[in-house]
Amino acid sequence: MRRILLPLVAVVVLGGVVLSCGDDDEGAVKLGFLAGLSGDYSEWGPPSQDGAEAAIGVINAEGGILGRDAELVVQDNLSTAEGAVTGYNRIREEIHALGGVESDGAVALLNTVAEDEMPTMCPACGTTVLDTEGGNYIWRITASDTTYGIISAQLARDLGYTRVAMLVQQTEGTESPAVVFKDVWENKIGGEITADVRFQPGLDSYQAQVEQAFAGDPQAVYLGAGPQAGIPIIREYIARGYDATILVSPDLQVPDIAEAAAELPTGTILAAQVTDDFESPAYTAFAAAHQTYADKPPPTGFYETNQFDQYIILALAMTAAESTDGPDVAAQIYNVTNAPGTKVYTYAEGVAALERGETIDYDGPSGSIELNTSTGNLVSPKVAVQHIVGGSYTAREGVIELDASLGR
């Protein structure tokens, strides 16, 4: 296990018993799950943890990691940057690798995990900070907020809109795609921002902010918020009888938002979101594992496939490294995810290929996990547009190709 800021091997004698600290080679391989189980990200918490637990179940059913059981160490980060720092400090000496992290936590821990040589996966980190800052000890296996911001601006353009307002919560995960949206909308598309309203979460009412955003009669409003603010904002929108299209950030693609907007006409609320590869053998295997270990079929839109993939990748990297030591594991991440190599879709296939002395190219239920070796980002994330039908988010059309002319 990891022991932070200690020599590789420290021997302490207590009552005649010798205790050895360092990266031991016995006992469970402990994988951290640091995520928002309370607070603004709490709606993602249970399905995200289900995806993570399914991965641990699969790993252990196939013999574990290097013959040792895998164990998930769960820690709530309270959906805040401060909570991520506190939560990480509670488990950092116990775990061999870290997963589950969201944008706010990733930014707060970026330097720390590198100093600790802690392999860290970001299954739900959109923050644009990772566009350039990852790749050594932190890897992102979802789309960047750059992608989300561009897609949202592209969607507004393709719908024929020229005047858009912005209503954005002041947190890393919500402001990050909003910054991209505004830049692309104004400077690449030439559209007008009729109002740019920023607010802190946790307000008793968002009436004034909603009124300000819609005062200029925009054709659409870009809404970047967490569910705790998003639900009252949607209700205020309905109560006032507005009819502008709402382009929501990924944080609002949860059932409670869909239910709150159920009475609105189809197409009123649109959302860009990464989409899974439902036709892949990896997804079929994941769905079966989710049913086995979570006792229910997987939902969609909660990054549960990304949560699953992160631990399969870490376990395969440990297998390839024949080690759980941070630098050894980090050195193998690209070797188990990127071409060339034997294409594998499950943990069992990956381990078998590695045992045959082959290099592997793992694709999971979340899709192709080809990573940019400089930044640790997905090379080609799949994004689709969702809308609300009957109180549920539903894919509006197939995968959306980014307009290359809108790139930043």
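**Exercise 1. Is threonine 292 buried or exposed?**

Solution. Start with the accessibility classes, in which buried means under 20% relative accessible area, exposed means over 50%, and partly exposed lies in between, calculated with a 1.4 Å probe on protein chains only. Threonine 292 has a relative accessible area of 57%, so this residue is exposed. Next, place the residue: threonine 292 lies in helix H10, where helices (H or I, at least four residues) and strands (E, at least two) are DSSP runs numbered from the N terminus. Finally, threonine 292 and glycine 36 are 256 residues apart in sequence, and their C-alpha atoms lie 24 Å apart in space.

The model used in these exercises is predicted, so that local features need pLDDT of at least 70 and side-chain atom pairs count only at pLDDT 80 or more, while totals for chains, interfaces and linings use all residues. Residues are numbered from 1 along each chain as its sequence is written, and side-chain values use heavy atoms, with hydrogens and water left out.

**Exercise 2. Describe how helix H1 and helix H10 meet.**

Solution. Two packed helices are described by the angle between their axes and the distance between the axes. Here the axes are lines fitted to C-alpha atoms, for helices over the stretch in contact, and angles run from 0 to 180 degrees between N-to-C directions. The axes of H1 (residues 45–61) and H10 (residues 281–294) come within 9 Å and cross at roughly 95°. H1 is therefore roughly perpendicular to H10, given that angles under 35 degrees count as roughly parallel, over 145 as roughly antiparallel, 65 to 115 as roughly perpendicular and the rest as oblique.

The next step is the contact, which means heavy atoms within 4.5 Å. From H1 come Asp50, Gly51, Glu53, Ala54, Gly57, Val58 and Ala61, and from H10 come Ala289, His290, Tyr293 and Ala294. Sorted by class, this contact of H1 with H10 has six nonpolar, three polar and two charged residues; Ala, Val, Leu, Ile, Met, Phe, Trp, Tyr, Cys and Pro count as nonpolar, Asp, Glu, Lys and Arg as charged, and the others, Gly among them, as polar.

**Exercise 3. Work out the geometry of H7 and H8, and find the salt bridge that joins them.**

Solution. The axes of H7 and H8 come within 10 Å and cross at roughly 60°, and the two helices are therefore oblique to each other. On the H7 side the contact includes Gln207, Val210, Glu211 and Phe214, which meet Ile233, Glu236, Tyr237 and Arg240 in H8. By class, the contact of H7 with H8 has four nonpolar, one polar and three charged residues.

A salt bridge is a side-chain nitrogen of Lys or Arg within 4 Å of a carboxyl oxygen of Asp or Glu. Arginine 240 forms such a bridge with glutamate 211, their closest N and O atoms being 3.6 Å apart. This pair links distant parts of the chain, with arginine 240 in H8 (residues 227–240) and glutamate 211 in H7 (residues 207–214), 29 residues apart. Arginine 240 is partly exposed at 30% relative accessibility, and glutamate 211 is partly exposed at 42%.

**Exercise 4. Which residue forms a salt bridge with lysine 343, and is that partner buried or exposed?**

Solution. The partner of lysine 343 is aspartate 361, and the closest N and O atoms of the pair are 2.8 Å apart. Because lysine 343 lies in strand S13 (residues 342–344) and aspartate 361 in strand S14 (residues 360–364), the pair ties together parts that are 18 residues apart in sequence. Lysine 343 is partly exposed, with a relative accessible area of 36%, whereas aspartate 361, at 3%, counts as buried. Elsewhere, salt bridges that share partners join Glu175, Lys182, Asp196 and Arg198 into one network. A search of the whole structure finds 15 salt bridges.

**Exercise 5. Locate the backbone exceptions.**

Solution. Most residues other than glycine have a negative phi, and most peptide bonds are trans. Glutamate 117, although not a glycine, has a positive phi of about 55°; this residue is found in the loop between helix H3 (103–116) and strand S6 (120–122). Aspartate 217 likewise has a positive phi, near 50°, and is found in the loop between H7 and strand S10 (220–224). Turning to the peptide bonds, the one from alanine 339 to proline 340 is cis, with omega near 0°, and proline 340 has its place in the loop between helix H13 (333–337) and S13.
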